[in-house]
Amino acid sequence: MGEFVTLETNDGIGTIKLNRPPMNALNTQLQEELRAAAHSATGDEGVKAVIVYGGEKVFAAGADITEFTKVGYQEMAVRAEALSSAFDAVARIPKPVVAAITGYALGGGCELALACDWRVVADDAKLGQPEIKLGIIPGAGGTQRLARLIGPARAKDLIFSGRMVGADEALRIGLADRVAPAGDVYRTAVELVRPYVSGPSLALRAAKLAVDGGLNLDLASGLALESQLFAGLFATDDRIEGTTAFVEKRKPTFTGR
């Protein structure tokens, strides 16, 4: 698909692979290739779940700081919005998405992981938002998604200090969902999403939209969104199959329709 980002599909699982050695630094080209990969995963009906993976050595160690030394406010005002929207394209993939993290997920790399539904973390990995040490703040979702995920106090601790956390602490505070030996991270991510490959795709899409969309609404509006999405699923073949299979005491066969 691109020089630095590819999308490969195997048995219904799409892998968005970052490949910009040595640290998968997130420059402008990688950012736009990531956006394209996210859009492709969204539109491909053969992709039922997605893994975002940086390879065996590193997930992504952050932005390409050399680019930051060459721009001022006017240029970065445009660039920051583009970077944030590229990560948002990953967050909006209407399918289960897991980040498979080895090595480092720092700065923009951590923000990319936060755009996923879950994070499988190597037992020797390091995660964090060290932007404060550069005199700036996270600019691609870190202040927003991190606070929603682990709470504002813990998010402020990581963002204000810029410190890195290991896998054990990440798991304890909710930044990681599973920890595995580094060599098993990708396989563990596959195991996490494999059950969804044969699941009811439209219901999974609705569930993700309800949870993520509801976080930005008051309770009454969130409940209304949920009701609409719930009712809409009664127009799907999978709802007929699921309820019929339940009554007939058999395993459903979903088609994603």
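Which elements do the buried residues of H3 pack against? In this predicted model, the buried residues of H3 pack against the helices H1 (28–43), H2 (65–68), H4 (108–114), H5 (142–150) and H9 (201–214), and also against strand E3. The briefing below takes helix H3 as its starting point, then turns to the largest pocket, to whose lining H3, strand E6 (118–122), H5 and H9 each give two or more residues, and ends with the two open sheets, one of six strands and one of three.

**Helix H3**

- Helix H3 covers residues 73–91, and at 1.5 Å a residue its 19 residues should span 27 Å, which agrees with the 26 Å that separates its end C-alpha atoms.
- The residues of H3 that are buried are Arg79, Leu83, Ala86, Phe87, Ala89, Val90 and Ala91.
- An α-helix has 3.6 residues a turn, so residues three or four places apart point the same way.

**The largest pocket**

- The volume of the largest pocket is about 1,100 Å³, and 29 residues line this pocket, of which Ala91, Asp117, Lys208, Asp212 and Leu215 are the closest to its centre.
- Ala91 therefore appears in two roles, being one of the buried residues of H3 and one of the lining residues closest to the centre of the largest pocket.
- With eight residues, H9 gives the most to the lining of the largest pocket, and H9 is also among the elements against which the buried residues of H3 pack.

**The six-stranded sheet**

- Six strands form an open sheet of mixed pairing, and their order is E1-E2-E3-E4-E6-E9.
- Strand E1 (5–10) and strand E9 (178–180) are the edge strands of this sheet, each pairing on one side only, while the twist from one strand to the next averages 20°.
- Within this sheet, strand E2 (residues 13–18) pairs with strand E3 (residues 49–53) in the parallel sense over five bridges, and Lys17 has Tyr53 in E3 as its bridge partner.

**The three-stranded sheet**

- A further open sheet is formed by three strands in the order E5-E7-E8, again with mixed pairing.
- Strand E5 (104–106) and strand E8 (164–166) stand at the edges with a single partner strand each, so one side of each is left without a neighbour in the sheet.
- The twist in this sheet averages 20° from one strand to the next.
- Strand E7 (residues 126–128) pairs with E8 in the antiparallel sense over three bridges, and Gly128 stands opposite Met164 in E8.

Note on methods
Residues are numbered from 1 along each chain as its sequence is written. This is a predicted model: local features need pLDDT of at least 70, side-chain atom pairs count only at pLDDT 80 or more; totals for chains, interfaces and linings use all residues. Side-chain values use heavy atoms; hydrogens and water are left out. Two strands pair if DSSP finds at least two bridges between them. Helices (H or I, at least four residues) and strands (E, at least two) are DSSP runs, numbered from the N terminus. Axes are lines fitted to C-alpha atoms, for helices over the stretch in contact, and angles run from 0 to 180 degrees between N-to-C directions. The expected span of a helix is 1.5 Å times one less than its number of residues. Buried means under 20% relative accessible area, exposed over 50%, partly exposed in between (1.4 Å probe, protein chains only). Contact means heavy atoms within 4.5 Å. On a 1 Å grid over the protein atoms alone, a cavity is a set of points where a 1.4 Å probe fits but cannot get out, and a pocket is an open set with protein on both sides within 12 Å along at least five of seven lines; lining residues have an atom within 4 Å of a point. Grid points are joined across faces, edges and corners, and a volume is the space filled by probe spheres set on the points.
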